[in-house]
Structures are given as C-alpha cells and as structure tokens.
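Colleague: I'm new to this structure and would love a close look at a single part of it. Could you pick one helix and walk me through how it sits in the whole?

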Amino acid sequence: MLVYMNTFENTKTLNNNFPIEDQFYASENEAVVADGITRDPIGVGDLSTCSQKEFLAKYPRPSGAELAAKEICYTFSKTSGLLRDRLIQCNNAVKKLNDRYILECDYLENDYFGAVASCVSIKNDILDYAYICDCGVIVYDNLGNIKFQTEDDKERYSDPFINKIGIPWNLPEARVIVRRDYRNNLDNTYNGRCISYGAITGEITAINFIKTGQIELSNGDTVLVYSDGFTKFLHDKDFISQIINFEKDKFENYIEIKAQSDYEKYGKEKTLVLFKK
C-alpha cells in the first residue's frame, strides 16, 4: 500500500525559486524517483569563485536536470512491462530531450541533461526493483531490521578513483574528466572491472548500468524508494523508528529538524516514496 511520497527541498535554496531537480511518480503498487544531475552555472568556470548568491542567479532556468527528471517520471508513468525496459524507454526519452537542447556536449554548461533513478513494482508478495547509480530502494521488516538495500554504485566503484584524479571539483577540468570518463563509459576499467557509474543521459551505454532484481516481501515490511539525499538517514535508528511507526506530521517535523541540524548530512534535496506491505 502506498503510504507517503514527498520531495524535501534543499534548505539552502528554499524561497529562491530554484529548480526542483528531484521528481517522482507513484501509484498504489509502483513508483519511480529521479534525481536530476546538477548543472553548471552559466559563465562560471572555477566554482570556488562563485558565491551562493551568484550560483543561484546564474543557474540555468529551465534546468536540464529538472527537465530530465520530469521526463523520466512521465515516461515511466506511461509505460508498462519489465522495469529495466521502462528505464530504457526513459533513457530514450531523455535522448530526445538532449537532441532538442544540446547541440554539442562539452561536459560543462552544455553537458547532457540527465538524472539517476530507482523504481519498484509490487505485486502480491514480490518486489521488483531497478535502479541506476545512487538512487535506491531499501526494505525494512516490521522490527526495523534492514532486509535489503540496493548498492550505491558510484560510491563503491567510481568514487575511490575519482577522488584520486588530483584536480579539485571546482575546476572545469575535473568536471569534464568525471562526466566524460567516469559516466556511462564501459571502457573505463581497472583490473578488468568497469569503474564508471551510470546515469540516464540518453547515451546508449547508459543502459548497461541499469541494475535489477526481485525480492519477496512479508507482512509488515516497509519499502522506501529514495534519492541520495536520504542516504545518510537510512541506517539511523530514529529515522527507522519514524518510518516503521509512520505519522506524516511527526515525520515531516523530524526531517525538518534534522535538515537544520546538519546541512551536509541532512539538508540537501531529497525524495522518498514509502510503501507498507
């Protein structure tokens, strides 16, 4: 049963008319969450020279991240079949978006519009899931124990190498390297293992990074489909208690307090869809 769905805005961009780059679609037995890939501000190479006020002022509107995330959710809602096939159709839809807006990708201001995503379909006692990169799915039993969680493929496979490229992210050279060499690039390998991460950008190689699976649910299980803004919450005992004993007002108040307490861990844009079996 679908219980709750919401996107919580980034606490630093509230009331700034900043694009909402997390999007979701949910019905009684299925959901998708899409997290748009942050764009570069217009006319800024070195991000360290850009104040938050300038970043907000120069951020592209409409945002390609928001458009891609919306396109994924819309396409998912209009398709049926295996979740992998539906995400492939979402990737095709984002390609059409990029064909319309991006004449030549430079991995900076003119990077491909894109997003990462996770989705589920629940039928009887079976949960099917599919995801790409760091959006995910987690299942708790009725006591709050974690029965299953998808892996963060970027954190596991790509970040250890990205962190060693030796160029700070604020410089355009670093952003080009990461987006060109580590995203959807099957040829980027180390000891025979691909160390790239996936994202729905319309590139044909993106489909190789979609992961799928199926697990059996039991009565009392709770299923969350989430964007990475919720990652730091998921193993926290207080958060799990809020989820297992869900009350909307108490939960939203809890999230607001946590977001104000530590921006880096809890304050960024985040989305979840909650089901209970």
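**A close look at helix α3**

Modeller: Happy to! The buried residues of α3 are Leu83, Arg86, Leu87, Ile88, Cys90, Asn91, Ala93, Val94, Leu97 and Asn98. Please keep in mind that this is a predicted model. The helix itself covers residues 83-101. Its 19 residues, at 1.5 Å a residue, should span 27 Å, and the end C-alpha atoms are indeed 27 Å apart, so the expected and computed lengths agree.

What do the buried residues of α3 pack against? Their partners are the strands β3 (30-36), β4 (115-123) and β5 (126-132), together with the helix α2 (64-77).

Now let's step back to the whole protein. Helix α3 belongs to a protein whose secondary structure comes to 8 helices and 12 strands. The radius of gyration is 18 Å, close to the 19 Å that the globule rule gives for 277 residues, so the protein is as compact as a globular protein of that length. Along the principal axes, its C-alpha trace spans about 50 × 40 × 40 Å.

Burial can be followed across the whole chain too: 51% of the 277 residues are buried. Among contacts with a separation of 6 or more, 67% are made by residues 24 or more positions apart.

Finally, here is the outside. The protein exposes about 13,400 Å², with carbon and sulfur atoms supplying 47% of that area. As for charge, there are 33 positive and 42 negative charges, and the mean positions of the two sets are 0 Å apart.

Conventions:
Residues numbered from 1 in each chain as written. Predicted model: local features only at pLDDT ≥ 70, side-chain atom pairs only at ≥ 80, totals over all residues. Heavy atoms only, no water. Helix = DSSP H or I, 4+ residues; strand = E, 2+ residues; numbered from the N terminus. Rg over C-alpha atoms; globule rule 2.2 N^0.38 Å. Buried < 20%, exposed > 50% of the residue type's maximum accessible area, 1.4 Å probe, protein only. Contact = heavy atoms within 4.5 Å. Areas by Shrake-Rupley, 256 points an atom, 1.4 Å probe, with all protein chains shown as cover. Lys, Arg positive; Asp, Glu negative; His and termini not counted. Charge placed at Lys NZ, Arg CZ, Asp CG, Glu CD. Expected span 1.5 Å × (residues − 1).
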